[in-house]
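Please look at the sequence and the model shown here, and keep both in view while reading. The paragraphs below are meant to be followed with the structure at hand.

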Amino acid sequence: MSKTTENRHYTEEYDEELKSIDFYRIHPELLPYIGSQFKTAKRKILLIGESHYINDYWRVEENWENYDLLLKIWGQKDWHEILMPNQYDKDGKNLGKKDKDYESWFNTRVHASRSMPGEDREDAITGLIQNPIRVLCEDDINFFGEEYSPNLAESVAFINFFQFPSLKNGKTVWGAVDDLYKKGKDKNRVWWELFDYSLEIIVKVINVIKPDVAVLFAADFCGQYTLDKIRNAINDVGACHVDATYHASDGRVWKRVYNNEYKNMINITPKDKFALIIKDYLTSTHS
């Protein structure tokens, strides 16, 4: 049944299948946002962000110095048993934070709904979803067969790639791993464990919702090697056009020119890269 009430611009139609994935029975807050009009959209696109970020008043029960313990228990315990809101700041002032604040930072559907008109909009998530939609509605792309409207956010799906929060405030998962492990020998091991764990879940999601195209907006973690791993894993379960802009799509970076061979971004903006990805997809489907 589709829901379009306040903060419910998504459909739960896929939830029975999605909750057959063990991980989402434990972490339903990380279920993907699937717009209420996604199933009937002319073409189906999955936008893949990077990760949820932990806020500075969120702390964990124990003194978390790395990801090793989280990797062991994140798929076994829900967030109430792992993460606790820190009621006091460094000066002892009571912050009065409640469980509902967790949704602001970790609930994918609540977070993505904030890109919609009339909601308590958040600039970062609004840019992440609305900027690609504007490109999809450009005359030479016309992905949805409709003129641009912010409500077209109900025609897309969104998920963060990493099914773990960053353990460092304001850092991506890769940034957190890099910071927590420095140059230690375990850094690459932990990184690939986080990556492989998350990729397995992403593949299962794609197998359920079956988008035509999936695009990663990956600031840190996705070079050509990791993109190939993601693409191969997804295409093992079904045909889906997969590519990456190698950067986020919010207002700070969307129109910034990059020159980075590792990220395959040579003298191009993430906006233009995204347009090329979609045009390549459209060309391949009509050839």
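What follows is a walk through a predicted model, beginning with its sheet and going on to the helices.

A good place to begin is the sheet, and a general point helps here: the strands of a sheet pair through backbone hydrogen bonds, either parallel or antiparallel. In this model five strands form an open sheet in the order 1-5-2-6-7, and their pairing is mixed. Strand 1 (33–34) and strand 7 (241–244) stand at the edges, and because each has a single partner strand, one side of each is left without a neighbour in the sheet. Further inside that order, strand 2 (residues 45–49) and strand 5 (residues 157–160) pair in the parallel sense, with four bridges between them; in one of these pairings, Leu47 has Phe158 of strand 5 as its bridge partner.

Two helices can now be placed against this sheet. Helix 8 packs on the sheet and touches strand 1, strand 2, strand 5 and strand 6 (213–216), while its direction makes about 170 degrees with that of strand 5. Helix 9 (residues 224–235) also packs on the sheet, where it touches strand 6 and strand 7, and its direction makes about 165 degrees with that of strand 7.

Helix 8 deserves a look along its length. At 1.5 Å a residue, the 23 residues of this helix (residues 187–209) should span 33 Å, and its end C-alpha atoms are 33 Å apart, so the two values agree. After helix 8 comes Lys210, which has a positive phi, near 50 degrees.

The helices also meet one another, and two packed helices are described by the angle between their axes and the distance between the axes. The axes of helix 7 (residues 173–181) and helix 8 come within 10 Å and cross at roughly 155 degrees; an angle over 145 degrees counts as roughly antiparallel, and these two helices are therefore roughly antiparallel to each other. Their crossing is right-handed. In this contact, Val173, Trp174, Val177, Asp178 and Tyr181 of helix 7 meet Lys187, Val190, Trp191 and Leu194 of helix 8, and these residues divide into seven nonpolar, no polar and two charged.

Between helix 8 and helix 9, the axes come within 9 Å and cross at roughly 35 degrees, and this crossing is right-handed. Helix 8 contributes residues including Trp192, Phe195 and Leu199, and helix 9 contributes residues including Tyr225, Ile230 and Ile234; the residues of the contact divide into nine nonpolar, one polar and two charged.

How values were computed
Residues numbered from 1 in each chain as written. Predicted model: local features only at pLDDT ≥ 70, side-chain atom pairs only at ≥ 80, totals over all residues. Heavy atoms only, no water. Expected span 1.5 Å × (residues − 1). Pairing = 2+ DSSP bridges. Contact = heavy atoms within 4.5 Å. Axes fitted to C-alpha atoms, helices over the stretch in contact; angles between N-to-C directions. Parallel < 35°, antiparallel > 145°, perpendicular 65-115°, else oblique. Left-handed = near helix turned anticlockwise from the far one by under 90°. Nonpolar A, V, L, I, M, F, W, Y, C, P; charged D, E, K, R; others polar.
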